[in-house]
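Visitor: I'd like a quick walk through this one, domains and loops included. Could you bring it up on screen?

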Amino acid sequence: MLEVLEQLPADPILGLSTAYKADTNPKKVDLGVGVYKDEQGRTPIMSAVAKAQNILLANEDSKTYITPQGVPGYIEGMLKLLLGQEHKTLIDDRVAAVQAPGGCGALRILAELIKRAKGDTTVWVSDPTWANHIPLIGSAGLEIKTYTYFDKELAGIRFDDMLQSLQQSKKNDVVLLHGCCHNPTGADLTKEQWHQVLELAKEKQFIPFIDIAYQGFGDGMDEDAYGLRLLTENLPEVLVAASCSKNFGLYRERVGLAAMITPDQKIRDAVQTQIQSVARGIYSMPPSYGGALVDIILNSDDLKQQWLAEVTEMRERMHTLRQMLADKLKAKGHDFDFITRQKGMFTYLCITPEQVQQLRNEYSIYFVDSSRINVAGISKSNVDYLADSIAAVL
Ligand code: LMR
């Protein structure tokens, strides 16, 4: 039976790590997978997380199953972080949610939920979007269409064309939006543009599906949730997939949240049973560990302050690295100022796939073919080499 299965090519993002590790060039630079790195290129455990681990170790007294919904304090803490303390939907008790194995798990649960609610739903994704959105959502059997988003020539968003594409959406279509720090381009909607998306959602009656995996990496924890809070406050149904991989640095623990804003409590109760049943049919229930750590952090004033300060440091460092690279390239006569206007961990260099390949093959600089770089992989020690190499292939 198995002989019919063909060998697949390496994953376009994760495969870069293997290629990078195998490269023996001492000057090699890894700007591939979206993992935060410090000046030394390490991804250390955040201090607030390390303290929470000690607390958990001292207090956890059983490894029995947790509830199908997940760790209660985690879910409550995350909903407040995402929506804000006093959000109308929380006061009205209209939010169904489960802890999910990572942002990917959350995206897949919500895609399966859409499939159950309306099997022929079309999901609109930005062009471009994170490469894994397509298999995660498509594997649930949903049709995917794209809406215009980023233009490499402009190095920015074609917002009018985005609205025009979404004019084609039908009632109850689902529109996937990146809450902040758009992956892969780093180009985010302005506040004004979020308001226009809200108006269009009301007019066309599409359902926003917000993927927020980088909260705190753009402008700040509350600032990055602006669009999410606006849409959830003003629309009856919104799907939200959140991740703690990046802002808590809990990549390998797989911690995410699948949430659904519903029109009323009766629908909320039904949806809650449905998302738990979707999860039960795939992996039964989420692992406890990462959610338990986030619960400890978000529900302790001291640890939360410490964690917020650490995220601020990471965000500011990424801003500085953007500026540094743009300045170095400017000094060589190339205008890459758009890098400083983009947000979060990623930026599109807006160069051709051939130039990306040349940088990989001749200079051992690894990043995704689309020209997406992980800004956190830049450091004071590699930025000159990086700028020189980019300038050489332009
Ligand atoms: C990325 O976009 O690089 C990360 O989210 C890692 C992944 O799973 O692709």
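Guide: Sure. Here, two residues are in contact if their C-beta atoms, placed from the backbone, lie within 7 Å. Keep in mind that this is a predicted model.

Visitor: With that cut-off, how many residues of domain 1 are in contact with domain 2?

Guide: The domain assignment gives domain 1 as 2-44 + 316-393 and domain 2 as 51-302. Their centres, taken over C-alpha atoms, sit 27 Å apart. On the domain 2 side, 21 residues take part, and on the domain 1 side the count is 19.

Visitor: Which strand gives the largest share of the domain 1 side that touches domain 2?

Guide: By class, that side of domain 1 has eleven nonpolar, six polar and two charged residues. The largest share is three residues, and they come from strand E11, residues 346-348.

Visitor: And the ligand: how many charged residues are in the shell around it?

Guide: The residues around the ligand are Ile13, Val33, Gly34, Trp130, Asn132 and Asn183. Both domains chip in, with at least three residues drawn from each of domain 1 and domain 2. Sorted by class, the shell has three nonpolar and three polar residues, and the charged count is none.

Visitor: Asn183 also turns up at a cis peptide bond; what is its omega?

Guide: The bond joins Asn183 to Pro184, and Pro184 lies in the loop between strand E7 (174-178) and H8. Omega for that cis bond is about 25°.

Visitor: Which residue in that loop between E7 and H8 has a positive phi without being a glycine?

Guide: The loop between E7 and H8 holds this residue too. Its phi is about 50°, and the residue is Cys181.

Visitor: Where is Pro128, the one joined to Asp127 by a cis peptide bond?

Guide: Omega for the Asp127 to Pro128 bond is about 5°. As for its place, Pro128 is in the loop between strand E3 (122-127) and helix H6 (133-138).

Visitor: Are H8 and H9 roughly parallel or roughly antiparallel to each other?

Guide: The axes of H8 (residues 191-204) and H9 (residues 226-234) come within 10 Å and cross at roughly 25°. Angles under 35 degrees count as roughly parallel. So H8 and H9 are roughly parallel.

Visitor: Which residues of H9 make that contact?

Guide: H8 passes H9 in a right-handed crossing. From H8 come Lys191, Trp194, His195, Leu198 and Ala201. From H9 come Tyr226, Gly227, Leu230, Leu231 and Asn234.

Notes
Residues numbered from 1 in each chain as written. Predicted model: local features only at pLDDT ≥ 70, side-chain atom pairs only at ≥ 80, totals over all residues. Axes fitted to C-alpha atoms, helices over the stretch in contact; angles between N-to-C directions. Helix = DSSP H or I, 4+ residues; strand = E, 2+ residues; numbered from the N terminus. Parallel < 35°, antiparallel > 145°, perpendicular 65-115°, else oblique. Left-handed = near helix turned anticlockwise from the far one by under 90°. Domains from an automatic or database assignment. Nonpolar A, V, L, I, M, F, W, Y, C, P; charged D, E, K, R; others polar. Near = placed C-beta within 6 Å.
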